[in-house]
Amino acid sequence: MTDQVTDQATSRAAIRSGQCHCGTVRFRATLGDGFDSIRRCTCSYCRMRGAVVAMAEAGGVEILAGAEALTRYRFHTGTAEHFFCSRCGIYTHHQRRSNQNLYAVNVACLDGVSPFDFPAVPVMDGVNHTSDTGQPTRRAGTLRFIPAA
């Protein structure tokens, strides 16, 4: 998307449909702040996963099909719960550790959206997680995508 299209996506209704790669898991996500909440994280798990996510409030991710195919993964404190399709392995969303009332949704699973649609993605410091340090969440940097000419 161009910057103009990205701005339009931000202001559109925040209800988006999505699915895993194989289509077994289908869902609808209500993104509370649209795409204004996009981010990545530097924690050990997110570094390996590499997803750009947007936030949905608790109850904002509705599984339409394939609930039985979802696999859950927890690590470290076991607070955050990550969901994957057991058939294709794609991460669809997770319940956040720092705010259990929020779910992070993989934007690459949303219909018509790519993580490369966003020219700048804030990267949060998950290595020094606020739940471990007691300090406010720190922004570690910005991931930039510059399309080739």
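Which residue of E10 does Val-121 stand opposite? In this predicted model, that residue is Leu-143. The views below start from this pair and move outward.

**View 1. Strand E9 lies between two partner strands in an open sheet of three, ordered E3-E9-E10.** The pairing in this sheet is mixed. Strands of a sheet pair through backbone hydrogen bonds, and the pairing can be parallel or antiparallel. On one side, strand E3 (residues 40-41) and E9 run parallel and are joined by two bridges. Here Arg-40 stands opposite Val-123, and Cys-41 stands opposite Met-124. On the other side, E9 and strand E10 (residues 139-144) run antiparallel, with five bridges between them. The pair Val-121 and Leu-143 belongs to this side. E3 and E10 are the edge strands, and each pairs on one side only.

**View 2. Strand E9 (residues 120-124) is largely enclosed by the rest of the structure.** Four of its five residues are buried, so the strand has this enclosed position. Buried here means a relative accessible area under 20%.

**View 3. Seven strands make up an open antiparallel sheet.** Their order is E1-E2-E4-E8-E7-E6-E5. Strand E1 (15-19) and strand E5 (70-73) stand at the edges; each has a single partner strand, so one side of each is left without a neighbour in the sheet. On average, neighbouring strands of this sheet are turned by 35° against each other, direction ignored. In a regular strand, side chains alternate between the two faces of the sheet.

**View 4. E4 and E8 are joined by five bridges.** These two strands run antiparallel. One bridge pair can be picked out by its residues: Ala-56 has Tyr-103 in E8 as its partner.

**View 5. The largest nonpolar core contains 23 residues.** Leu-31, Phe-35, Ile-38, Val-105, Val-107 and Leu-110 have the most contacts inside this core. At least two of the core residues come from each of strand E2 (26-31), strand E4 (53-65), strand E6 (81-85) and strand E8 (102-106). A second, separate core has 10 residues, among them Val-53, Phe-84, Tyr-91 and Ala-104.

**View 6. Val-107 touches residues from several parts of the chain, including Phe-35, Val-52 and Phe-118.** Residues up to four places away in sequence are not counted. The other residues that Val-107 touches are Ile-38, Val-53, Ala-54, Val-113 and Pro-115.

**View 7. The largest pocket holds about 500 Å³ of space.** Rolling a probe the size of a water molecule over the atoms shows where empty space is left. The pocket is lined by 31 residues, and those closest to its centre are Cys-41, Cys-43, Cys-46, Gly-126 and His-129. E3, helix H2 (44-49), E4 and helix H3 (130-133) each give two or more residues to the lining. H2 gives the most, with three residues.

**View 8. Cys-46 is a buried residue in helix H2.** The relative accessible area of Cys-46 is 11%, and the limit for a buried residue is under 20%. Apart from neighbours within four places in sequence, Cys-46 is in contact with Arg-40 and Cys-41. Leu-110 is 64 residues from Cys-46 along the chain, and the C-alpha atoms of the two are separated by 18 Å.

How values were computed. Residues are numbered from 1 along each chain as its sequence is written. This is a predicted model: local features need pLDDT of at least 70, side-chain atom pairs count only at pLDDT 80 or more; totals for chains, interfaces and linings use all residues. Side-chain values use heavy atoms; hydrogens and water are left out. Buried means under 20% relative accessible area, exposed over 50%, partly exposed in between (1.4 Å probe, protein chains only). Two strands pair if DSSP finds at least two bridges between them. A nonpolar core is a set of buried Ala, Val, Leu, Ile, Met, Phe, Trp, Tyr and Cys residues joined through side-chain atoms within 4.5 Å. Contact means heavy atoms within 4.5 Å. Axes are lines fitted to C-alpha atoms, for helices over the stretch in contact, and angles run from 0 to 180 degrees between N-to-C directions. On a 1 Å grid over the protein atoms alone, a cavity is a set of points where a 1.4 Å probe fits but cannot get out, and a pocket is an open set with protein on both sides within 12 Å along at least five of seven lines; lining residues have an atom within 4 Å of a point. Grid points are joined across faces, edges and corners, and a volume is the space filled by probe spheres set on the points.
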